[in-house]
Amino acid sequence: MDRFQAMTVFARVVEAGSFSGAARLLNMGQPSVSKIIAQLEAHLGTILLLRSTHGLAPTDAGQRYYERIVRVLEDAMEADSLARGSDRELTGHLRIALPTTFGRLHLIPRLGEFTARYPKLALDVQMDDRRVDLIAEGIDMALRIGRPEETSVVGRRLAWGHRSLLASPAYLEQTTMPTCPEDLKNHRMILYSQARQIRTTFTKGEETQDVSLHPDLCLSAAEGIRAAVLSGQGMTVAADWMFAPELISGEVQRCLPDWSLPPVELWLLLPAGRMVSAKVRAMADFFAERVQPSLGLEN
């Protein structure tokens, strides 16, 4: 049995949902497709496909096998492209994980430029604020705010950006503008955390102040923090890029502008043990070229 051919045939059967559909895609006879799948199941010692009222569907083992071999097949296609020197003809799929707000504001609006460059490359973008398990969820690359802690990924810092104390004019009209970090104990704080308090350091010249922030409202998603701040419910400590449009329009303003906060880091993450593919390099290059400059992030 030609294992590479068998994997290709199995992937096409899963995608087509039938032996006949896969046969048409592969320009093969249906009996040959059925025979190859039977040989593959015998080789693996497990059932990969089940018949249903809608055609063929992978078993749990078949689905796991499909998700793995798709990567093998795409890597092989990419290797062929690299050998031919045709980087611009990237094909297959690229599965990316992004923080929701970052992706919505800064990457998704520009993806049309990327897909125009690589029209044969399909993108699957997962937008989620949680720490996605790259290996378990089949992610090729992820952008993450903050330094990674898990050992199952490798990463490099793409850039870092400023954080600020931010509030809307609607909130500031209800209270007094803080003049020093200690004043924050008198303000409603909206924070991205479930902790009862967060310690952070404000710096002005040679002076530093460590402040414990006690949140009045904790939210697990950046979109929630944006909505709460914009509706005048309090102030927050956040990366400037999170409110980039509103900082330009004046819907949000910086408080304590003479004081600085520790910067926020943006990391590119890959599953550990995997080589950087041309698809990932292309997306990382696109980010550096088109997205990073618009955020004011620094290397």
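Trainee: What makes the largest pocket, with a volume of about 860 Å³, a pocket?

Mentor: On a 1 Å grid over the protein atoms alone, a pocket is an open set of points with protein on both sides within 12 Å along at least five of seven lines; a cavity is a set where a 1.4 Å probe fits but cannot get out. The volume is the space filled by probe spheres set on the points, which are joined across faces, edges and corners. This is a predicted model: local features need pLDDT of at least 70, side-chain atom pairs count only at pLDDT 80 or more, and totals for chains, interfaces and linings use all residues. Residues are numbered from 1 along each chain as its sequence is written, and side-chain values use heavy atoms, without hydrogens and water.

Trainee: Which of the residues that line the largest pocket are the closest to its centre?

Mentor: Ile 145, Gly 146, Tyr 192, Trp 241 and Val 264, of 35 lining residues. Lining means an atom within 4 Å of a point.

Trainee: How does the lining of the largest pocket divide?

Mentor: Into 23 nonpolar, five polar and seven charged residues. Ala, Val, Leu, Ile, Met, Phe, Trp, Tyr, Cys and Pro count as nonpolar, Asp, Glu, Lys and Arg as charged, the others, Gly among them, as polar.

Trainee: What is the volume of the second largest pocket?

Mentor: About 710 Å³. Its lining has eleven nonpolar, four polar and 14 charged residues.

Trainee: Why does Thr 59 count as buried?

Mentor: Buried means under 20% relative accessible area (1.4 Å probe, protein chains only), exposed over 50%, partly exposed in between. Thr 59 has 12% relative accessibility, so Thr 59 counts as buried.
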